[in-house]
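Please read the points below with the structure open beside you. They take up a sheet, a pocket and a patch on the surface in turn.

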Amino acid sequence: MEPQSRRAFLGLTGAAVAGIGIVSVTAALNPNDSDAATQPTPEAETLAPFRDALRIPPVVRPSSNGLTEITAKPARIRLHSQLPATPMWTYGGHYPGPTIEVRRAERARIAWHNGLSGTTPVKGVWVAAAAGGSLLDAYNRPGAEGGKSRPEVEALTAWTSTHLHGGHQQAAGDGGPDLAVTPGNTQLVEYPNDVDATHLWYHDHAMPVTALNVLAGLMGHYIVRDRDEDRLGLPSGKYEIPLAISDVNFDTDDKGRLTGQILAKRVVQTPLSQITDDALPAAVAFLGPYTLVNGVVWPYLDVEARAYRFRMVNTSVARAYRMVVVDQATGQPVKGAMKLIGTDLGLIGKPVTIDEALTLNPAERADIVIDFAAFPGRKLKLVNTVAGVPAGTAVAAAGVAFPDIMEFRVGRRTGGALRLPATLAPSFKRLTSADVPKNAVERFVVLSIAGGMLQLWEMQEVPNDTQLGAGVVQIALPDGVRTLRRVATAFEDTTTFFAAAGGWEKWHFISIAPPGLVVTHPMHIHLMDFQVIGRQGLDVSGFDLGVGGTKTPLKPGAALPVAPEEAGNKDTIGVAQNSIVTLAGQYRSGSGRYMYHCHILDHEDEGMMRPLIVMPPAVLSIHRKMASMQAGMAAMPGMPGMTGHK
């Protein structure tokens, strides 16, 4: 879509560091990123795609015998050259934060210092959907549109908890959502980095403001390397580039010009007059019309006619990306341009050609090689499309206002095509149900809705003769009908999931949605490396939304496909509405209080998150005996009841 078309659609009027001891990462801003101007420029009413170069974050390599300090600090970052610099909260003055590189099994000790001040730079607003209009139409427009301001956002001060997503750290250093620090204080962590070579990422995890803090800029890449990967000869150095992909919206001034301020716009169907501080409305999670890659709106990247490795991560609050490489000259997809070599938690067994599109839900990663050797002198672009809509056509009607993500400008001199190794990770094995130990703990989690709010129900299996009613769900599985009773919903409810460090578990995520609700929940389990072992559609006609339970058992249907980017080692998986996803995996060597949650950050903030306790097996054995003894005492007359634990 050209700039003039964009204006019509929107309806606008007008450096590596390392050492022994303490390493402080508070680098000055790149002059290209900062600007003292506070007024929008006349040309800012339209944003031209592919005008600005991709930003490459600086690299930090922590010393294994020292302390690396990274300070969260306010900064002004230029997100597009036609916009004024945007006020943000950043790690070390950079957006994304510095890319942290470590070697496998070398411990990194990091002091995450909260050096922020004042209130959040993000503007929050409720906007009412137009009568008969689509919620997505409102999300696809910039500006507050006369909406109702959110005083709780305007007053938000800095409370931060940095989480290394996908890491195997002890719970004390996991960045717990309720273990955040205030300005002037520091979160001290140690990361053992006992993972295969992979691309993790770090981000703020403070409850219930994770979405606002990440929107404000608190995120960055984290890359683990090892000798096995080094020997593969994959593109490296300047030919290996991390890409953080997300969406954003901006406020406008009274003349309709973009101000550059990040806008947390939530669209509701509730009349704004009915919204009070004590009666907040249900709203679709944040979506923005503009795509950022490494903090630049629709950037370009000059590449040589050779292979590049891209470490992709979806850092959006809620938006999923279905990415296709398109030839600019023809507008047609370049099939087979992307080769998948890794997923969330490392390399897969063999390279896989992505014939159609690559999908990433929030927090998911993909390790991709694109070989530009066959495209000297041409321009390719990465676009976001949706199933059933050709990449070269307008997709605004499907909720994607501007499909552009970024552009690749290929040089004329070719470096020759890359031949990827036939085997990437010899130890990788695709799990099946038969590979899961018979003594694996089985868990059930229902993703549902009540009172207009999406909810996470923690379930406990009970006898099949349990009386049906609110919170009781029956499901027909191959081994028979299973009856599940809801034992927790809110974050603050009693903890009921207890697990053994190193133990195998099988989880079933069951999504139940009313007609018309289209949502995929990217479910993330801290400390667990898992694989998807099954996905099925689900007949939910037996579920009574009014009661909040089943009248007849839910019925799984035919198997649904597991995409190549979902078939490796994972820590996050998408669960679509009216489906059941079964996964299996092991907890690693950490212990303590961890979380599992939906990684749509607005859902997480609004309650779709629960704690789980991981203990050494010997400790867990004593815990279970004590819990059993207490439950027996509770059954005695006059004693309070207790919820059972696994």
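1. Two strands count as paired if DSSP finds at least two bridges between them. The model is predicted, and on that criterion 7 strands form an open sheet, in which the order is β17-β16-β13-β19-β24-β21-β22 and the pairing is mixed. The edge strands of this sheet are β17 (296-297) and β22 (346-354), each of which pairs on one side only.

2. Within the sheet, it is worth following one pair of strands in detail. Strand β19 (residues 307-314) and strand β24 (residues 365-371) run antiparallel and are joined by 7 bridges. One residue position can be traced across this pair, since M312 has A366, in β24, as its bridge partner. As a general matter, the strands of a sheet pair through backbone hydrogen bonds, either parallel or antiparallel.

3. The second largest pocket holds about 640 Å³ of space. Its lining consists of 30 residues, and those that lie nearest the centre of the pocket are D196, L345, S427, F428 and N569. Two or more residues of the lining come from each of α5 (227-230), β22, β34 (528-539) and β39 (579-587); β22 is thus a name to recall from the sheet, where β22 is an edge strand.

4. On the surface, a nonpolar patch is formed by I622, M626 and M629, which together have about 300 Å² of accessible area. Of these residues, M626 is placed in helix α7 (residues 617-634). M626 is described as partly exposed because its relative accessible area is 40%, a value that lies between the limits of 20% for buried and 50% for exposed.

Conventions. Residues are numbered from 1 along each chain as its sequence is written. This is a predicted model: local features need pLDDT of at least 70, side-chain atom pairs count only at pLDDT 80 or more; totals for chains, interfaces and linings use all residues. Side-chain values use heavy atoms; hydrogens and water are left out. Patches are made of residues with over 30% relative accessible area and no salt bridge: like charges are joined within 9 Å, nonpolar side chains (Val, Leu, Ile, Met, Phe, Trp, Tyr) within 5 Å. Accessible areas come from the Shrake-Rupley method with a 1.4 Å probe; for residues, only the protein chains shown count as cover. A salt bridge is a side-chain nitrogen of Lys or Arg within 4 Å of a carboxyl oxygen of Asp or Glu. Helices (H or I, at least four residues) and strands (E, at least two) are DSSP runs, numbered from the N terminus. Buried means under 20% relative accessible area, exposed over 50%, partly exposed in between (1.4 Å probe, protein chains only). On a 1 Å grid over the protein atoms alone, a cavity is a set of points where a 1.4 Å probe fits but cannot get out, and a pocket is an open set with protein on both sides within 12 Å along at least five of seven lines; lining residues have an atom within 4 Å of a point. Grid points are joined across faces, edges and corners, and a volume is the space filled by probe spheres set on the points.
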